[in-house]
Amino acid sequence: MQQRHYMDTLIKMMAKIKESIRAPEMTPIERKHTADLTSVSLSKLVFVQAFDADGSPKMLPPTVLWYNPSLNVLKMASQMHKLTNSNLILSSWVKRSAHVASEQRPATAPVQMNLVRVCEDIWSPLLTEFLHLGVRISQADISFKLLDQVLVDSGDQGDGGLLNTELNLMSEAMSAAGGINSEEGWVELRLRQIQEYRKLLEAAAAASTILRIAEKMKLSGSFSAIETLSQMEEASFKQRLLRSLTDELLCAGQQLSLVSKHHTSCLEEFLRSHTLIRWVQENLRNMSDLKVYVDLASISAGENDREIDQVACFHDAVMGYAPLLYSLSPQAGFENFMKCAQLVWDAHCRDEKLPDKLRESARLLNWLKTLKETHGSVEQSSLSLASSINEHGIYYIGRSERNTEKRCLQNMVQVMVKRGREEKSYKHEDLLELQNKLMLMSSKGEHGREQVTRFTEVFEGVQRVGSIFLQMQTSGNMLFWDWHALVYCAAQQQPCIKITFSSLGGQQMQYHGEVTQQLQQLAEMMDFCHKEWQVFISEMRSSFSVLNYYTTEQMVYLCRWIHRVCLTQASAPQQLWNLLVPIKSLCTLNDIRAAYSSAVSLATMCNELQEVSDHEEQDCKPSERGIEEDLDLMEFSSDDEEAEKWDVVHTDMIRGKNQWEQLLRDMSKYLSDSLDIKTLARVLSCLSESNQLHMIRNLPKQIQEGKPNLVLCPNAEVFTTTLSFYMESPEQPLPSADEVLVCREETTPEEVEVFLRRVFNQASSHNWQKIYTLVNPGLLGYDVSEALVETYEGLERSASSRFRLVIVSPVAHQHRCVPSYFSNNKIQAGESIREDVAKKYLCHHFRPNMLNPVASISPDQLSVWMVSSVRPAVGKSLFVDHLFEKFQQKHPRAKHIKIRLIKPCVDMDSLIKRLTETLCPLREQDPVLLHIRHGWSPHWSRGTPLSFIGSGVCK
């Protein structure tokens, strides 16, 4: 049976080389090997043994007669059988057979050769070579070049399994051959050593790629840890023996022990795509530029699926290799390189096609360049800015301490973009311009709009909050007066909104969640608070008529300064006295403090009565509402150092409304540096009661009391007609700011409302009999006109019959909203006042006391006068300068202040603000010559309001 196995191996081995050599003896051997032996006699199969004299058989091994090979052939077959699992033997068998056959040319293939010759010319030399190879490996005398060939021929895939088989077969063959001395256990030792060499080969390939990348990218850091491995790529190294592996090489290889062939191929693709890499680094300098480019490319691609896929392929490739592109500094060394490379390999694990995508992107480089050239600089910069805001932007909503301009949304909203040490802010108008540009870009396609959509949603939410906050500012909402919010655009930033109430001692609120949803929640809360504040102010105005002399902004100003004057002993600014004139002229600090003491006493008495009433109600029926509100106040109290966290849930909205309502009722408890509105109203009421001045004006005959009176006149006579109503009482003061409302396009609904409230509340104002005049109502905007009509109708229902209201309008405006509404109450204007009568009336009121230093130098001893001429540049300003020189000779401390007006239409708010800022540093007793200059213009020649008269002397 054993010989049958030998012959089977021989047949298979000869079949391997049948294309080169054929042995004639193989035909009968193959026929006998496949024959059916059941009908063959035993004597033909084996030699029949003889028996001894005693009948016992001789104990000799049976001789097989069936195959009848020669001894050499049989030995060869047995050796083949033992080495049948060796890939080295098989490979060498095929190669040597082909070589021997080629030497027999020009004989036709296959070459005829008997088995004995096959054994002598092919097998025996092959076996000898195999044994010699085994000896060299066992003694580590094999060169790396030969070892590389052995590894290839063995077919080992790197795990060492097949190589271990080959080494064991070599060891057995060497032992069977005899006369060969080898180290015990050499197979395991050499196997481990060869495996280390193979790892070094992989490490050397990786090191070579890394060093070439470092050279291409001009990295100046140290790569000495792997430079030793570069010698393995040299031809001379392959001539060295296995035993020459040094610890230095092994240590260097250990640095790259975790780098696999896949990792190396990933880096090699990066190296092969260096042209693309260089273009990306030069044109897309950071991740933001990449994102902008991809978004713009997606927009340009439109609905073209192929181009969309190409853009996505490029994006994936660059994002995958981004650590090597953007995170490596020019000074990076081996350690920094490996950290970045590991991130690339992690991306490769997630996307096995990453190198393929980079290769495809490199092929599409010309297309990518063309796409880049089609994108304008405006598009790129706009999308880049939007991306930066989305990732790093922080919106600020609130009043700016440095801002001196009129309050508007443009001055209350800005965004700050902070990246590292770089910080830049953008105003509201910049953001609006950016939004317009982004809208034009996004209309070109459906793709690449994520950044645009994100920016737009957050910005619109911020604008809504800012608009409501502006309404709160103009309505004087005290709790939101020194309020500001920070809105974080980054999706991962939590809290996403931080709010600070400076009026409440720095109390903060925080919103957590998606920023767009939280902005909506905040806007709804602020809108609720704004409406409740308007209702509260309306109730206060109805309860305290003294508040109708002021807008809510002015009330806030009074609350702050009266608080400072009374509680911190601060000096009062001139604006405070100006505001208090309608309540009490010639008011003093003692008057204010006395009124404040009276108001506090009255408030304390009212609170005590309220507490008694509340206790009585609680004894009858406990109030669950009060308990809930107390809990809400505890959560909102400024004593709590931790910021409130309001989530977007319905219960929190209810809680916020409860907090607001309770704060509104108990405002004085939470305002640390200001009076509350109710206390202000009581202070002003006390001041008003102490006012000894009573104004009783004679009513012109054509004016009807208890009805509105519409007077239509030429445009040039509007102000003289208005003045004529007050000239009926020449001893009374000039018409005051509370009696006359000169309408402009900028007039607000609140100014109209408080004016009408003064009109209808005059019956309760110390029996004063004033004449209230509404001038130029046709200039009001549509919304303000509608608000005027609605307010008038609401107040008239409960008004007494003693109010005095005159509406003066140019004839040209008679068909506009307000004049048209009062058209049924039109009356005839009186005769035009004569110039001498008007001059006498004005001189009487503009002539100061003779003790006044102005009287000595002013024309006709007037405190206000106008210098005019038909032609410009005739010396008007020089005349005023000469007057000031005389003034200064008598009063060295006198100041000459000039304000020049150029435009025909003057912004009264800006003018008053400039006057205030200019006069604020001066003391009350400092004499001042205030010179208001304006360029000559036909618009100023006639009908100029008295408040715009060219020059004035004020003390």
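Me: What makes D316 and K357 a salt bridge?
Reply: Their side chains meet at 3.0 Å, N to O, and a salt bridge is a side-chain nitrogen of Lys or Arg within 4 Å of a carboxyl oxygen of Asp or Glu, so the pair qualifies. This is a predicted model, where local features need pLDDT of at least 70 and side-chain atom pairs count only at pLDDT 80 or more. Side-chain values use heavy atoms, with hydrogens and water left out.

Me: Why is K357 called buried?
Reply: Buried means under 20% relative accessible area, exposed over 50%, and partly exposed in between (1.4 Å probe, protein chains only). K357 has 19% relative accessibility, so K357 counts as buried. D316, with 32%, is partly exposed.

Me: How do you know that E750 and R541 pair up, and what does the pair tie together?
Reply: The closest approach given for their side chains is 3.2 Å, N to O, a salt bridge. E750 lies in helix α31 (residues 749-760) and R541 in helix α23, so parts 209 residues apart in sequence are tied together. R541 is buried, at a relative accessible area of 1%.

Me: Why is α24 called roughly perpendicular to α29?
Reply: The axes of α24 (residues 552-567) and α29 (residues 677-689) cross at roughly 80 degrees and come within 10 Å. Angles under 35 degrees count as roughly parallel, over 145 as roughly antiparallel, 65 to 115 as roughly perpendicular and the rest as oblique, so this crossing is roughly perpendicular.

Me: Which residues of α24 make that contact?
Reply: M555, L558, C559 and I562 do, meeting I677, L680, V683 and L684 of α29 (contact means heavy atoms within 4.5 Å).

How values were computed:
Residues numbered from 1 in each chain as written. Axes fitted to C-alpha atoms, helices over the stretch in contact; angles between N-to-C directions. Helix = DSSP H or I, 4+ residues; strand = E, 2+ residues; numbered from the N terminus.
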